[in-house]
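I am opening my notebook on a new structure. I want to look up which side chains meet, and where.

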Amino acid sequence: MKPAFVLIAVLPLSVVTAACSKAGADSRSSRPYKVGVVDRGEVRVTVEETGVVDPERSIVVKSPISGVVQQLYVREGDRVQPGQALARILPDIAQANSLAQLRSEIERARIARDNARRDFDRAQALSAIGGITQSDLDQRRVAYEQAENQWRTAQDQLRLVQLSGVTAGDSGGGGAQWARIIAPTAGVVIARGVEEGETVVGGTSAFGGGTALFTIADLSTLIVKAAINEVDIGKVARGDHVALTVDAFPGDTAQGIVRLVPPAARQQERVRVFDVEVEVTGGQRFLRPGMTANVRISGPVRRDVVRVPVEAVLLQEGKPIVYKIGGSGPQPVAVTLGLSDLFYVELAGNDLAPGDSIALEDPVAAAERARNPARRR
């Protein structure tokens with residue numbers, strides 16, 4: 001009976017020992033910080049921003065003269081061809097006087113040229129019989145050539161005005177002058193800045209001035225300009241594929257490609273940004289100039305790399321570290337970082353291995369919060 005008694009006495013002791021070991025394990029697992037693991041997987045870099053849809057090429061049409069809009073022949077949405085009439089402008093008094101003065105100067109130059117030519121012809125006839133000296137003949141030749149040059153100059157000035165659209169015609173009688181505004185290129189009228197009866201200022205009256213009559217755009221090629229933050233510009237490269245969506249058509253996605261990463265940044269609300277240009281390459285049927293587009297740029301992709309969640313990477317004295325959890329607790333390990341996306345960061349070195357347990361927050365700060373619940377807020 002004695003061996004049976006010993007067995008019964010030993011069995012409760014082993015149970016107590018196992019229970020104590022389990023209690024110790026539970027106390028070690030109840031850490032005040034989140035725990036993760038190093039693994040292998042994919043790091044896919046994406047940059048998300050908003051941009052504005054614009055036509056690649058647009059032209060603002062202005063009147064060459066100041067005056068009043070008499071007629072408009074097109075409106076927004078109309079497709080036009082080169083040379084097509086867009087509007088008709090009646091010049092104001094000052095402009096009409098200038099045009100009349102130009103024609104008067106041409107007529108005076110013509111009369112002076114004809115007189116100089118007759119004088120030169122007579123001088124040639126007299127020179128043939130010795131009636132005048134060679135010096136007198138040369139003077140009359142010079143006078144004729146100068147008069148000819150002045151007449152040609154005045155004609156060239158009128159021709160320039162006519163090329164810019166000013167035409168002589170019967171506008172309500174009296175042979176008044178008027179300007180015929182024509183389309184300089186093919187495209188779609190996306191904006192009309194005036195109405196009939198409005199007064200406009202000529203585009204040649206001042207540098208950069210003049211009233212914008214129409215904006216004509218080539219809608220066959222659209223671009224989206226997105227202001228990318230300087231911290232993300234290293235993730236964007238020419239040729240990257242882009243997905244474009246707009247809030248008005250949430251179910252549709254257009255495709256694009258990065259065609260320009262500018263070499264210099266600009267200041268925007270205390271932040272340095274780069275105006276990246278995206279060319280729309282497909283599915284643009286729902287895009288309209290002026291729309292705000294959601295831009296998702298797909299950057300480089302690394303597959304089967306050692307990675308950690310982004311929240312595991314902390315800074316210690318300006319250098320990245322990850323807390324590795326071992327038998328002696330969490331220990332900081334200096335790491336070399338590679339690519340990162342919204343969820344994971346690539347580890348470029350051999351500092352950690354897949355399967356290692358890591359802290360997903362600062363364990364020191366987490367322990368301090370656990371000791372002082374009032375500081376959790």
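Which side chain meets Arg-192 in a salt bridge? I looked it up in this predicted model. The partner is Glu-195, with N and O 2.9 Å apart. I also checked the surroundings of Glu-195, and this residue is partly exposed at 42% relative accessible area.

**Entry: salt bridges**

I searched the whole structure next. The search gave 23 salt bridges. I reminded myself of the basic idea: side chains of opposite charge can pair when their charged atoms come close.

I picked Arg-40 and Asp-304. Their side chains form a salt bridge, 3.8 Å from N to O. Arg-40 belongs to strand E2, residues 39-62, while Asp-304 belongs to strand E15, residues 292-309. The two residues are 264 apart in sequence, so this pair ties together parts that are far from each other in the numbering. Then I looked up accessibility. Arg-40 is partly exposed at 47%. Asp-304 reaches 55% and is exposed.

**Entry: helix H2**

Which residue pairs with Asp-114 in a salt bridge? I found Arg-117, with the closest N and O atoms 3.5 Å apart. Both residues sit in helix H2, which covers residues 93-128. They are three residues apart, or about one helical turn. Is Asp-114 buried or exposed? I read a relative accessible area of 12%, so Asp-114 is buried, the cut-off being under 20%. Arg-117 has 36% and counts as partly exposed.

I then followed the charges further. Asp-114 and Arg-117 belong to a network of salt bridges. Its other members are Glu-107, Arg-110, Arg-113, Glu-148 and Arg-152. Arg-113 has another contact that I noted. Its charged end sits over the ring of Trp-151, 4.1 Å from the ring centre.

**Entry: aromatic pairs**

How many aromatic pairs does the structure hold? I counted two. For each one I wrote down two values, as a pair of aromatic rings is described by the distance of the centres and the angle of the planes.

One pair is Phe-120 with Tyr-144. The ring centres are 6.0 Å apart and the planes meet at 5 degrees, so this pair is stacked. Phe-120 is in helix H2 and Tyr-144 in helix H3, residues 134-163. The pair links distant parts of the chain, 24 residues apart. I checked Phe-120 as well: at 10% relative accessibility, this residue is buried.

The other pair is Phe-249 with Phe-286. Here I read 5.8 Å between the centres and 55 degrees between the planes, so the pair is tilted. Phe-249 lies in strand E12, residues 249-260. Phe-286 lies in the loop between strands E14 and E15. These parts are 37 residues apart in sequence, and the pair ties them together. Phe-249 is partly exposed at 33%. Phe-286 is buried, at 4%.

**Entry: another charge over a ring**

Which ring lies under the charged end of Arg-307? I found Tyr-344, with its ring centre 3.7 Å away.

**Entry: phi angles**

I kept one rule in mind: most residues other than glycine have a negative phi. Then I noted two residues with positive values. Arg-270 has a phi near 70 degrees. Its place is the loop between strands E13 and E14. Arg-270 is exposed, with 81% relative accessible area.

Asp-304 came up again. Its phi is near 55 degrees, also positive. Unlike the loop residue, Asp-304 lies in a strand, E15.

Key:
Residues numbered from 1 in each chain as written. Predicted model: local features only at pLDDT ≥ 70, side-chain atom pairs only at ≥ 80, totals over all residues. Heavy atoms only, no water. Salt bridge = Lys/Arg side-chain N within 4 Å of Asp/Glu carboxyl O. Helix = DSSP H or I, 4+ residues; strand = E, 2+ residues; numbered from the N terminus. Buried < 20%, exposed > 50% of the residue type's maximum accessible area, 1.4 Å probe, protein only. Phe/Tyr/Trp six-rings, centres within 6.5 Å; stacked < 30°, edge-to-face > 60°. Lys NZ or Arg CZ within 6 Å of the ring centre and 35° of its normal.
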